[in-house]
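Here is a short tour of some charged and polar contacts, followed by a look at enclosed space. Have the structure open beside you as you read.

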Amino acid sequence: MIKLWTPDTMPKPASRYNQLALAENTTRRLEISGQIGTLPGGKVAEGLAAQLDAALANVDTALAAAGMGRANLMKITIYLTENSPEAVSIYRARRDAWVGEAPAPAATLLIVAGLASPALLVEVDAVAAA
């Protein structure tokens with residue numbers, strides 16, 4: 001079982017995520033490598049929003065391959081190459097839509113100077129348990 005929460009004794013998150021993720025009585029832990037905004041055919045999606053959608057879809061595919069889903073997520077880490085309020089807003093909107101009504105996993109957003117290719121604007125890695 002995964003418990004996701006922010007205790008009243010901790011600062012309230014800046015957006016929709018939880019400060020803590022606790023896996024109890026689980027037997028499987030999944031570490032998902034950084035997923036980039038690559039479409040199924042191998043092409044990199046155009047623009048930050050499209051790359052976020054593709055990277056998150058790739059996380060879904062990885063979860064499914066392990067017999068898991070978003071409810072199994074404990075933490076996501078997002079790397080953005082653009083440091084602007086607009087980029088952060090796009091990220092938060094796409095993440096919130098992706099998480100939906102489920103409890104939001106713990107999350108870390110990092111702004112980085114670059115990724116493996118200049119065409120890449122975002123990378124997402126994740127940890128899940130079941």
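Ser-15 sits in the loop that links β1 (2–5) and β2 (20–23). The model shown here is predicted. Leaving aside residues up to four places away in sequence, Ser-15 touches Arg-92 and Arg-95. With Arg-95 there is also a polar contact from side chain to side chain, at 3.0 Å.

Arg-95 is worth following further. Is this residue buried or exposed? Its relative accessible area is 3%, so Arg-95 is buried, a class that ends at 20%. Besides the polar contact with Ser-15, the side chain of Arg-95 takes part in a salt bridge with that of Asp-96, with 2.9 Å from N to O. Asp-96 itself is partly exposed, at 26% relative accessibility.

How many salt bridges does a search of the whole structure find? The search finds four. Among them are the pairs in this table:

| Salt bridge | N to O distance |
|---|---|
| Arg-29 and Glu-31 | 2.6 Å |
| Asp-60 and Arg-70 | 2.6 Å |
| Asp-96 and Arg-95 | 2.9 Å |

In the bridge between Arg-29 and Glu-31, the arginine is exposed, with a relative accessible area of 57%. For Arg-29 to be classed as exposed, the value has to be over 50%, and 57% meets that condition.

The bridge between Asp-60 and Arg-70 joins two kinds of element. Asp-60 belongs to helix α1 (residues 48–65), while Arg-70 is in the loop between α1 and β4 (73–80), so this pair ties together parts that are ten residues apart in sequence. Both partners fall in the partly exposed class: Asp-60 has 23% relative accessibility, and Arg-70 has a relative accessible area of 35%.

Arg-70 also leads us to the enclosed space in the model. Rolling a probe the size of a water molecule over the atoms shows where empty space is left. How many cavities of 30 Å³ or more does the count come to? The count is one, and the largest cavity has a volume of about 40 Å³. Its lining is made up of Arg-70, Leu-73, Trp-98, Val-99, Ala-102, Pro-103 and Pro-105. Sorted by class, the lining has six nonpolar residues, one charged residue and no polar ones. Arg-70 therefore has two roles in this account: it lines the largest cavity, and it is the salt-bridge partner of Asp-60 in helix α1.

Terms used:
Residues numbered from 1 in each chain as written. Predicted model: local features only at pLDDT ≥ 70, side-chain atom pairs only at ≥ 80, totals over all residues. Heavy atoms only, no water. Helix = DSSP H or I, 4+ residues; strand = E, 2+ residues; numbered from the N terminus. Polar contact = N/O pair within 3.5 Å; in protein donor to acceptor, adjacent residues only side chain to side chain. Contact = heavy atoms within 4.5 Å. Buried < 20%, exposed > 50% of the residue type's maximum accessible area, 1.4 Å probe, protein only. 1 Å grid on protein atoms, 1.4 Å probe; cavity = no way out; pocket = protein on both sides within 12 Å on 5 of 7 lines; lining within 4 Å. Points joined across faces, edges and corners; volume = space filled by probe spheres on them. Nonpolar A, V, L, I, M, F, W, Y, C, P; charged D, E, K, R; others polar.
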